[in-house]
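Look at the structure below before reading on. The paragraphs after it go from the whole chain to some of its parts.

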Amino acid sequence: MNKNIIYICSAALVGVLVGYLIFGTSNTSTQDNHNHQKETVHQMWTCAMHPQIKQVEPGDCPICGMELIPTGTITNGLAANEFKMTENAMALANIETTIIKNHTASDDGMITLSGKIIENEEANATQASYFKGRIERLNVNYTGQKINKGQKLATIYAPDLITAQQELITAVSLKKSQPALYKAVRNKLKLWKLSERQISTIESSGKVQENFPIYATVSGTVSEVMSEEGAYIEQGQPIVRVSNLATVWVEFEVYENQISQFKKGQQIDITITAYPDRNHTATISFIDPILNIKTRTTTIRTTLNNPDQIFKPGMFVTGKIIGMTTAKEQLTVPKSAVLWTGKRSVVYIKTNPNEPVFEMREVLLGTVNGDMYTILEGVKNGDEIVTNGTFTIDAAAQLQGKKSMMNRIQEERVIPNKTAPGSEVFQKEFLTALIPYLKMKDAFIASNSTKVTDFAKTTKERLQAIKTTGLSRTTIIHLTKSIEELHKISITKELKEQRAYFVTLNESIVVLVSNFNEMITPIYVQKCPMANTNRGAIWISTEKEIRNPYFGSAMLNCGSVIDTIK
């Protein structure tokens, strides 16, 4: 992965240099074009800290309160993230575009999947102590060690067992007069997993044994040593975890649009990357009923016999589903069209069929078929995309300050006037969600991650209940982003990670609240310059006094009020 990132960054740097040479001296031709085309030009203003803010007149940034600066000129007819290249630049950079179309994919009824080998959890076992005491000797002390059923794992000094043995020796003399007592004492030792032979030896010898062995109840490979010599352990406390690798699981990730094509009992051909000359056939035994909302995939699983234990957990595999006869329309693009950063994939769309005008689009990739990617989201049938010279196009976007692979600018918010109030219905519904939001903010101040989780869930539920009919696209985007960040906060237990998501959440919350008018109670937009790794972070409060949610008691009063919404 690190090598991929290095290659991408290197290619991007080369692209920027090439773009500079191609586009850096094109001012003269641009001026000529303007002289001929007589386009109307407007001055736009933006925030140096929040470039997503665009305004047609000077003023202050609604997020951080900084004075807006001029962006230069933006030509009518181009959207905020569109940029234009000259025909000469297109030719020098050898830019090629292709109109993408849906096609019916049959692939001879075969779907190829990528997966990996993992431990068979059903065959795993934990070896625990049946009585409390001190481990005098640990016979199994490293992972990967093979053990057999009945093998001694450890020797434990157990005071409770010493007492129980003394009770047994006493009960033997009362065996005839009090048989119930004798039987109860024996059963007590059996519950501690002492064998009949051990109990009989104690009875016949009349001697108390101080140290007792723990024996393995299963065979397998030690995957984790969970105790150590000299340690005191409680009854039921695990000593080692054992994995039986006689069988292993193979898990594959299946995209959302493919799920309907799989069912339990289907056969799948499996090729192990470490043994490419061997093919194995297995049967799908499990399909995860829960979809991963981040990757839009679900897991299917099969089991492989591994008597020689040549299949190691972590190995990569390739699977091909046998007997698939489905045929459906898919949208595919050449691999050369996709720029991939490791976290997101982007393509460049030619938005004007008659002029070299382009815009970046993020896409969600599906399966790979040779030199083609299946696209699940981001582009549609009939779009014209860049298929050659993609890095040069990306360089042009960077030089013109537009969205690019390495420059992820947030959604622009064009403000026609200094006040742009949202609908009264939306404002009323949104303000009800601020009640648990403010409680969540207070939980951050108190560094109480449990309460943060609870209030994040409540805030998310109230935002989800808001009707989006009639709302602007920008409002819907920020509302959706707020719900996504609240979901992340609600499922995260670590306070540090919750605060990181809180930074992004507030960027959208403040944008939404800044458009409200006629507030009953003033809302203060506050900022801590040291939060978010010294990049600064904002939040809102109904109190003017600074109480920092990003640092809590460590830096409770760090920050200042940068705006007041009344």
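What follows covers the chain as a whole, then one helix, one sheet and a pair of cysteines.

The model is predicted. Its protein chain has 12 helices and 30 strands. Of the 566 residues in the chain, 41% count as buried. The chain exposes about 30,500 Å², and carbon and sulfur atoms supply 50% of that area. Contacts can also be sorted by how far apart in sequence the two residues lie. Among contacts between residues at least 6 apart in sequence, 69% join residues at least 24 apart.

Helix α4 covers residues 159–173. How does its length compare with what its 15 residues should span? At 1.5 Å a residue, the expected span is 21 Å, and the end C-alpha atoms of α4 are 22 Å apart, which agrees. The buried residues of this helix are Leu161, Ile162, Ala164, Gln165, Leu168 and Ala171. These buried residues pack against two strands, β11 (152–157) and β12 (211–215), and against two helices, α5 (179–191) and α6 (196–205).

Further along the chain is a sheet. This sheet is open and has three strands in the order β29-β28-β30, paired in the antiparallel sense. Strands β29 (537–541) and β30 (560–565) stand at the edges; each has a single partner strand, so one side of each is left without a neighbour in the sheet. On average, neighbouring strands of the sheet are turned by 25° against each other, direction ignored. Strand β28, residues 523–528, pairs with β30 over five bridges. Isoleucine 523 has isoleucine 565 in β30 as its bridge partner.

Two helices can be placed relative to this sheet. Helix α11 (residues 495–513) packs on the sheet and touches β28, β29 and β30. The direction of α11 makes about 55° with that of β29. Helix α8 (residues 424–445) lies across β28 and β29 and runs at about 120° to β29.

The last topic is disulfides. A disulfide is a covalent bond between the sulfur atoms of two cysteines. To count as one here, the two sulfur atoms must be within 2.5 Å. By this rule the count is zero. Cysteine 528 is in no disulfide, and the nearest cysteine sulfur, that of cysteine 558, is 3.4 Å away. Why do cysteine 558 and cysteine 528 not form a bond? Their sulfur atoms, at 3.4 Å, are too far from each other for a bond. Cysteine 528 is buried, with a relative accessible area of 0%. Cysteine 558 is buried too, with a relative accessible area of 16%.

Terms used
Residues numbered from 1 in each chain as written. Predicted model: local features only at pLDDT ≥ 70, side-chain atom pairs only at ≥ 80, totals over all residues. Heavy atoms only, no water. Pairing = 2+ DSSP bridges. Helix = DSSP H or I, 4+ residues; strand = E, 2+ residues; numbered from the N terminus. Axes fitted to C-alpha atoms, helices over the stretch in contact; angles between N-to-C directions. Contact = heavy atoms within 4.5 Å. Expected span 1.5 Å × (residues − 1). Buried < 20%, exposed > 50% of the residue type's maximum accessible area, 1.4 Å probe, protein only. Areas by Shrake-Rupley, 256 points an atom, 1.4 Å probe, with all protein chains shown as cover.
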